Amino acid sequence: MAENQRILDEWQKAFEKNGGNADNFSWDGILFKGEVYREGGSDNWVRKESDNDTVENELWDNAPIRILFLTKDQNVGDGGAWDSRINSFREKNSDKEDHVLSKYHNSFGKRMAYIAYGLANTTDDKDVALNFIQSHESDVVKFLDSFPLAHINCKKEGGSASCPDELFQNALKEYEKFLEQQIENVDADIFVCCGSTQAGYHIDKANYSLDFLQNHGYNFEYLGSKYSDLYYDAKRNKLAIDSYHLSYTGVSDQELYDQDVETYHKFLIDHPEFLISHRNK
């Protein structure tokens, strides 16, 4: 956690030196696991960082599988950026102990919760159906209270509802050393690369976060049509999912879940050693 913050601090300094507004620079990484509380004067349930990052570091060190969501940028609208690590997954107008799943930002948080829960609980002999998750949303929130999860916005400057490809690519190029350091420090096992634009990345499609991984230390190979949008780095034993953006309205919750989780289950049936060879030995 401390190394991640060091990288963010240096990145923000470079961003400001290039004329960027600090209020529009987002922080992110491994999500906080401290106290859940009301954000100053609002109805939002957010989470604090634990003392000395003890909880976050311990959970991440011992995670059986590390999941990282790579997204484009924050949709800040007319406001400023925020720290993505404060996400508590709770609906703002609910009681904290009711564990009501948030539906904020056009289902962005809800879909992240669905996919995170599905990936974390799927094994070669256990398939977690979306309809089960949707009927047990409070259990999902309770699970995520103690399950370590990471979220990185590849472009730290907040944007609007959509991020033009050229703008996104320019940001990746300009600040690539910081993003590379941040991703390497987190050292995830599953990368959910959000931002696909067309069907079939391996055919004619852009997913710039997956491209970034390919050009910065990873060697992901397409696993074939049986596993749809999965890519595997055999040497590092890492898996990348070529996923639509979590806010993309062109696909249903079920379609997105199938793309990210159902194909993962198919992969584990044929490759159960993927889980065994990580930290759950």
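This briefing covers helix H1, the second largest pocket and three residues with positive phi. The model is predicted. Helix H1 spans residues 2–17 and contributes to the lining of that pocket, as does helix H6 (165–174). The buried residues of H1 lie on the same side of the helix, because they cover an arc of only 155° around its axis.

**Helix H1**

- H1 has 16 residues, and its first and last C-alpha atoms are 23 Å apart, close to the 22 Å expected at 1.5 Å a residue.
- The buried residues of H1 are Asn4, Gln5, Ile7, Leu8, Trp11, Gln12 and Phe15.
- These residues are on the same side of H1, since the arc they cover around the axis is only 155°.
- An α-helix has 3.6 residues a turn, so residues three or four places apart point the same way.
- The packing partners of the buried H1 residues are strand S1 (29–30) and helix H7 (176–186).
- Ala2, Lys13 and Lys17 are exposed on the other side of H1.
- After H1 comes glycine 19, with a positive phi near 95°.

**Second largest pocket**

- The volume of the second largest pocket is about 200 Å³.
- The pocket is lined by 14 residues, of which Phe15, Glu157, Ala171, Glu174 and Tyr175 are the closest to its centre.
- Two elements, H1 and H6, give two or more residues to this lining.
- H6 supplies the largest share of the lining, with four residues.
- Sorted by class, the lining has six nonpolar residues, four polar ones and four charged ones.
- Phe15 belongs to both topics: it is among the buried residues of H1 and among the lining residues closest to the pocket centre.

**Positive phi outside glycine**

- Most residues other than glycine have a negative phi.
- Aspartate 187 has a positive phi, near 55°, and is not a glycine.
- Aspartate 187 sits in the loop that joins H7 to strand S6 (190–194).
- With a relative accessible area of 24%, aspartate 187 is partly exposed, because that value falls between the 20% limit for buried and the 50% limit for exposed.
- Asparagine 237 is also not a glycine, and its phi is positive at about 55°.
- The loop between strand S8 (230–233) and strand S9 (238–243) holds asparagine 237.
- Asparagine 237 has a relative accessible area of 13% and is buried, because the cut-off for buried is under 20%.

Note on methods
Residues are numbered from 1 along each chain as its sequence is written. This is a predicted model: local features need pLDDT of at least 70, side-chain atom pairs count only at pLDDT 80 or more; totals for chains, interfaces and linings use all residues. Side-chain values use heavy atoms; hydrogens and water are left out. On a 1 Å grid over the protein atoms alone, a cavity is a set of points where a 1.4 Å probe fits but cannot get out, and a pocket is an open set with protein on both sides within 12 Å along at least five of seven lines; lining residues have an atom within 4 Å of a point. Grid points are joined across faces, edges and corners, and a volume is the space filled by probe spheres set on the points. Ala, Val, Leu, Ile, Met, Phe, Trp, Tyr, Cys and Pro count as nonpolar, Asp, Glu, Lys and Arg as charged, and the others, Gly among them, as polar. The expected span of a helix is 1.5 Å times one less than its number of residues. Buried means under 20% relative accessible area, exposed over 50%, partly exposed in between (1.4 Å probe, protein chains only). The arc is that of the directions from the helix axis to the C-beta atoms. Contact means heavy atoms within 4.5 Å.
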